[in-house]
Amino acid sequence: MQNTRRRSRRIRRHISRWFYLAILTMGALVMFIPFAWSLSTSLKPLSESLVYPPVWIPHIFDWENYVKIWHLVPLARWFGNSAIAAIGVTIGNLICDSMAGYALARVQFRGQRLMFIGVLAMLMVPFQSVMLPVYILLRAFGLLDNYYGLIIPLAVQAVGIFLMRQAFLNLPSDLEDAAIMDGAGRFRMFWQLSLPLVLPSLLTLALISFMLSWNNFLLPLLVASRPHLWTVPLGVVMFQQEYFVNWPYLMAAAVMTTIPVAVIFLVFQKWFVRGIATTGMR
């Protein structure tokens with residue numbers, strides 16, 4: 001009887017694993033197929049990109065599409081603008097979100113729970129609903145058409161505060177008690193004791209913040225009215241004209257836009273998974 005039960009459990013485990021693997025494989029294909037189509041279209045001549053039915057593998061691999069887009073538009077300038085904005089947003093989130101998350105997790109003050117509920121509520125507010133107030137504030141403070149307008153509105157994110165709060169909650173309170181007995185202040189406990197222990201969550205927050213800024217389209221659309229301040233997502237729209245779209249150029253620019261984020265994610269993938277896993281423990 002025991003052998004039969006063990007076999008049935010093993011069979012169930014194998015079936016469940018294959019079932020989950022099949023679901024994950026289907027999800028990966030759904031996400032990969034658009035990128036594969038973009039890569040295929042970016043290597044086609046213009047005439048072949050408009051052929052119906054569409055062809056997945058180009059008859060002629062036109063690598064010149066990736067070279068020509070650098071001369072047609074100031075793509076290097078747009079990449080630089082995206083990098084400046086993404087780095088600024090990442091630094092801002094690392095500083096502000098970590099400090100706010102620490103305060104909500106380790107510091108007891110009046111209205112703490114209410115403030116945390118407010119942070120959770122902000123997670124459900126889409127940027128489209130606050131576009132007009134953000135634009136009015138940026139115009140009032142003179143932050144249009146400069147880098148500050150691309151960085152400051154995204155320098156603090158509710159998802160980052162929530163992520164860091166969960167990370168600090170996982171730390172044992174005995175460490176802070178010992179630090180208090182040694183005469184450490186609150187900021188010293190945060191900077192020298194707690195912050196190094198949540199390094200995976202900090203790297204996760206950095207990756208999320210960088211991707212959020214790099215792929216952002218609506219904020220640069222509000223802030224940057226001059227082409228020299230456009231970011232890559234906004235500049236890619238240049239290849240879409242009113243009556244004509246050069247699909248190979250458009251897809252080549254889109255593929256090049258995804259490369260920096262993909263490389264960063266692959267490099268820090270282990271830390272990203274670890275940070276997500278540790279923040280969900282409590």
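This section describes the domains, nonpolar cores, helix packing and selected residues of a predicted model.

The model is predicted, with local features requiring pLDDT of at least 70 and side-chain atom pairs counted only at pLDDT 80 or more, whereas totals for chains, interfaces and linings use all residues. Residues are numbered from 1 along each chain as its sequence is written, and side-chain values use heavy atoms, with hydrogens and water left out.

The protein chain is assigned two stretches, domain 1 (1–63) and domain 2 (74–242). Such bounds come from an automatic or database domain assignment. The C-alpha centres of domain 1 and domain 2 are 34 Å apart.

The largest nonpolar core holds 35 residues. A nonpolar core is a set of buried Ala, Val, Leu, Ile, Met, Phe, Trp, Tyr and Cys residues joined through side-chain atoms within 4.5 Å. Buried means under 20% relative accessible area, exposed over 50%, and partly exposed in between (1.4 Å probe, protein chains only). Ile-69, Leu-75 and Phe-239 have the most contacts inside this core. Two or more core residues come from each of helix 3 (64–72), helix 4 (75–106), helix 6 (131–140), helix 7 (147–151), helix 11 (199–214), helix 12 (218–223), helix 13 (232–235) and helix 14 (247–267). Helices (H or I, at least four residues) and strands (E, at least two) are DSSP runs, numbered from the N terminus. Helix 14 supplies the largest share of the core, 7 residues. Another core, of 16 residues, lies apart from it. Its members include Ala-105, Met-189, Leu-202 and Leu-205.

Contacts of Ile-69 were listed without its neighbours within four places in sequence. A contact means heavy atoms within 4.5 Å. On this basis Ile-69 touches Leu-75, Phe-239, Tyr-249, Ala-252, Ala-253 and Met-256.

Ile-69 also takes part in the packing of helix 3 against helix 14. The axes of these two helices come within 9 Å and cross at roughly 90 degrees. Axes are lines fitted to C-alpha atoms, for helices over the stretch in contact, and angles run from 0 to 180 degrees between N-to-C directions. Helix 3 and helix 14 are therefore roughly perpendicular. Angles under 35 degrees count as roughly parallel, over 145 as roughly antiparallel, 65 to 115 as roughly perpendicular and the rest as oblique. From helix 3, Asn-65, Tyr-66, Lys-68, Ile-69, Trp-70 and Leu-72 contribute. They meet Pro-248, Tyr-249, Ala-252, Ala-253, Val-255 and Met-256 of helix 14. The contact residues comprise 10 nonpolar, 1 polar and 1 charged. Here Ala, Val, Leu, Ile, Met, Phe, Trp, Tyr, Cys and Pro count as nonpolar, Asp, Glu, Lys and Arg as charged, and the others, Gly among them, as polar.

Helix 14 also packs on helix 11, at an angle of about 175 degrees and with the axes 11 Å apart. The pair is therefore roughly antiparallel. Leu-207, Phe-210, Met-211 and Trp-214 of helix 11 make the contact with Thr-257, Pro-260, Val-261, Ile-264 and Phe-265 of helix 14. These residues divide into 8 nonpolar, 1 polar and no charged.

Ser-82 sits in helix 4. It counts as buried because its relative accessibility is 2%. Beyond its neighbours within four places in sequence, Ser-82 is in contact with Trp-214, Thr-231, Val-232 and Pro-233. Ser-82 and Thr-231 are 149 residues apart in sequence, yet their C-alpha atoms are 4.9 Å apart.

Gly-160 belongs to helix 8 (residues 158–169). At 0% relative accessibility, Gly-160 is buried. With neighbours within four places in sequence set aside, its contacts are Asp-97 and Leu-205. The C-alpha atoms of Gly-160 and Thr-25 are separated by 29 Å, with these positions 135 residues apart along the chain.

Phe-35 lies in helix 1 (residues 2–42). Its relative accessibility is 34%, so Phe-35 counts as partly exposed. Outside its neighbours within four places in sequence, Phe-35 contacts Val-255 and Thr-258.

Asp-145 is placed in the loop between helix 6 and helix 7. Although not a glycine, Asp-145 has a positive phi of about 60 degrees. Asp-145 is partly exposed, at 25% relative accessibility.
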